[in-house]
Amino acid sequence: MSNEELLDALTAFPRARILVFGDVMLDRFICGSVERMSPEAPVPVMTIESGADMPGGAANVARNVAALGARALLIGVIGNDAAAGSLRDQLDKSSAIHAQLICDASRPTTIKTRYVADRQQMLRTDVESRSPLCGPVAQRALARYRAALAEADIVILSDYGKGVLSDAVTVSAIEAARAAGKPVLVDPKSRSFDKYAGATILTPNRHELQIACGQECSSDEQVLAASRAILAQGICSSVVVTRGSEGISIVPTNGDAVHIRTVASEVYDVTGAGDTVVATLAVGLAGGARVDLAARLANTAAGIVVEKYGTATATVDEIVTRLNSHEAYGACESRYTLEAVKRLVTRWRRLGLSIAFTNGCFDLLHPGHISLLNQARQTADRLVVGLNSDASVRRLKGAGRPVQPAASRAMVLTSLKAVDAVVLFEEDTPRPLIAALEPDVLVKGADYRVESVVGADLVLERGGRVVLAELLPTHSTTSTIHRMAAVGKA
């Protein structure tokens, strides 16, 4: 499977509509530092410095869906308390989340409070009720869920064992989804998976699978055996197991299992990583991706969130960056062709991103180049740099240039944060590139006039912009080369 397939799948994310039903909660983080032990008991004394509230549980699943550019329909139950107000405020920050939260004054809003000192979690306290919803509240929740099914492409049941997804409610929710022709993904917390019968995919973590099956689930073989046992009971069509540092395993009813290794470079906090996996998996499937492809995207997203602190999310932009960084961009000149970059630009446009273009020889990078590129990147969501080929540079600059070959110059440019793609061209001007790529913004230095910028007429005719970037004085490649030559003679 190539990254091209994964990147193409991301373009369908904005069309996805995901219905999330389950245990909403508030994740509260109290942060500070510890410098001494208490004289009253053998416990650390934490000095509180800051705090933050974030959506948790099913609410965090919805938040992850929204972060991926899709729309989340959220059904859950809250109490009549201050935590409910905070949770509503957090959810209201995203226009992509349509939350229908039912108030049940007989139970508290679930709160998980984590005390974090020097980026190390010291303690967690929970406020919750695990009792099943009373009959009238359960029926109200199911009624809203059934009404929302028509708007959704796929359903996520987010079960944290806090009473919303009781056995009866879960069975009714799965039956309603199947009757409406909607796939059902379940993030399970029950010790038995029986109540999830009829689901499309279960996404347990390794520990949850181990408890449900009563057997060790450490190795690939053990995870496969446990998952096959679940499938043999007819509970679901596929099991997608999240395994922490070991990545994700996909075990379908028919076909071979696939084990995908983790892509996190450093794990700081696993809070909410399972929510990220099920959200990304659902959005990918809703967009038409195969299970294995959607799971690879989910694994990439999870690798991103565990590198952050708190209940985090991953965005499409971060996933694209991570996937591109794994493609050995380096000196592979095939990545710098017009055909390759046109595919990138097409994909970015499907994601609703704007494109800027600038060009040059960029033989020896200096502060003036960096300033130009940074200014160009600020004009749009993505920046494509047209790079003169070696033959083109020789024609423009004379014998002895370029100092560095095209592959080296392209590699240096693509290592810059401001540059999203480089395309080589053989012509003396980038006009053919501009005609082919149709950038939204064309950027050149302020030593040009708009009417003299090559390709300006093409961009302006399409309603685009031409931006003249401020120049840093006394910086040029030619003068740098002359100074180097003078030093060498000395």
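Lys 195 and Asp 159 are both buried. Here, buried means under 20% relative accessible area, exposed over 50%, and partly exposed in between (1.4 Å probe, protein chains only). The model is predicted: local features need pLDDT of at least 70, side-chain atom pairs count only at pLDDT 80 or more, and totals for chains, interfaces and linings use all residues. Residues are numbered from 1 along each chain as its sequence is written, and side-chain values use heavy atoms, with hydrogens and water left out.

**Exercise 1. Find what joins the side chains of Lys 195 and Asp 159, and place both residues in the chain.**

Step 1. The two side chains meet in a salt bridge, 3.0 Å from N to O. The term needs a side-chain nitrogen of Lys or Arg within 4 Å of a carboxyl oxygen of Asp or Glu.
Step 2. This pair links distant parts of the chain, 36 residues apart. Lys 195 sits in the loop between S9 and strand S10 (201–202), and Asp 159 in the loop between S8 and H5. Helices (H or I, at least four residues) and strands (E, at least two) are DSSP runs, numbered from the N terminus.
Step 3. Now widen the view. The whole structure has 24 salt bridges.

**Exercise 2. Work out how strand S9 is placed: which way do its side chains point, and which strand pairs with it?**

Step 1. S9 covers residues 184–187. Val 184 and Val 186 point one way; Leu 185 and Asp 187 point the other way. All four are buried.
Step 2. Strand S8 (residues 154–158) runs parallel to S9, and 4 bridges join them. Strands count as paired if DSSP finds at least two bridges between them.
Step 3. Take one position: Asp 187 in S9 stands opposite Ser 158.
Step 4. Look at the loop between helix H5 (167–179) and S9; Gly 181 is found there. Its relative accessible area is 59%, so Gly 181 is exposed. Its C-alpha atom lies 9.3 Å from that of Leu 149, 32 residues away along the chain.
Step 5. Compare the loop between S8 and H5, which holds Ser 166. Ser 166 has a relative accessible area of 18% and is therefore buried.

**Exercise 3. Trace the neighbours of strand S4, and say why S4 is largely enclosed.**

Step 1. S4 spans residues 71–78, and 7 of its 8 residues are buried, so the rest of the structure largely encloses it.
Step 2. Strand S1 (residues 17–22) pairs with S4 in the parallel sense over 5 bridges. Ile 18 stands opposite Ala 72 of S4.
Step 3. Strand S5 (residues 97–103) also runs parallel to S4, with 7 bridges. Ala 72 has Ile 97 as its bridge partner in S5.

**Exercise 4. Describe the aromatic pair formed by Phe 193 and Tyr 196.**

Step 1. Know what to report. A pair of aromatic rings is described by the distance of the centres and the angle of the planes.
Step 2. Know the cut-offs. Rings of Phe, Tyr and Trp (its six-membered ring) pair if their centres lie within 6.5 Å; planes under 30 degrees apart are stacked, over 60 edge-to-face, and the rest tilted.
Step 3. The structure holds 2 aromatic pairs. In the pair of Phe 193 and Tyr 196, the centres are 6.0 Å apart and the planes make 50°, a tilted arrangement.
Step 4. Check burial. Phe 193 is at 3% relative accessibility and therefore buried. Tyr 196 is at 1%, so it is buried too.

**Exercise 5. Follow helix H12 to a salt bridge and to a nonpolar surface patch.**

Step 1. Arg 377 and Asp 420 meet through their side chains in a salt bridge, 2.8 Å from N to O. Arg 377 lies in helix H12, and Asp 420 in the loop between helix H14 (406–414) and strand S16 (421–425), 43 residues apart.
Step 2. Both ends have some exposure: Asp 420 is partly exposed at 21%, and Arg 377 is partly exposed at 22%.
Step 3. H12 covers residues 367–377 and includes Ile 370. Ile 370 is partly exposed, at 32% relative accessibility.
Step 4. Ile 370, Leu 365 and Val 412 make a nonpolar surface patch of about 180 Å².

Methods
Patches are made of residues with over 30% relative accessible area and no salt bridge: like charges are joined within 9 Å, nonpolar side chains (Val, Leu, Ile, Met, Phe, Trp, Tyr) within 5 Å. Accessible areas come from the Shrake-Rupley method with a 1.4 Å probe; for residues, only the protein chains shown count as cover.
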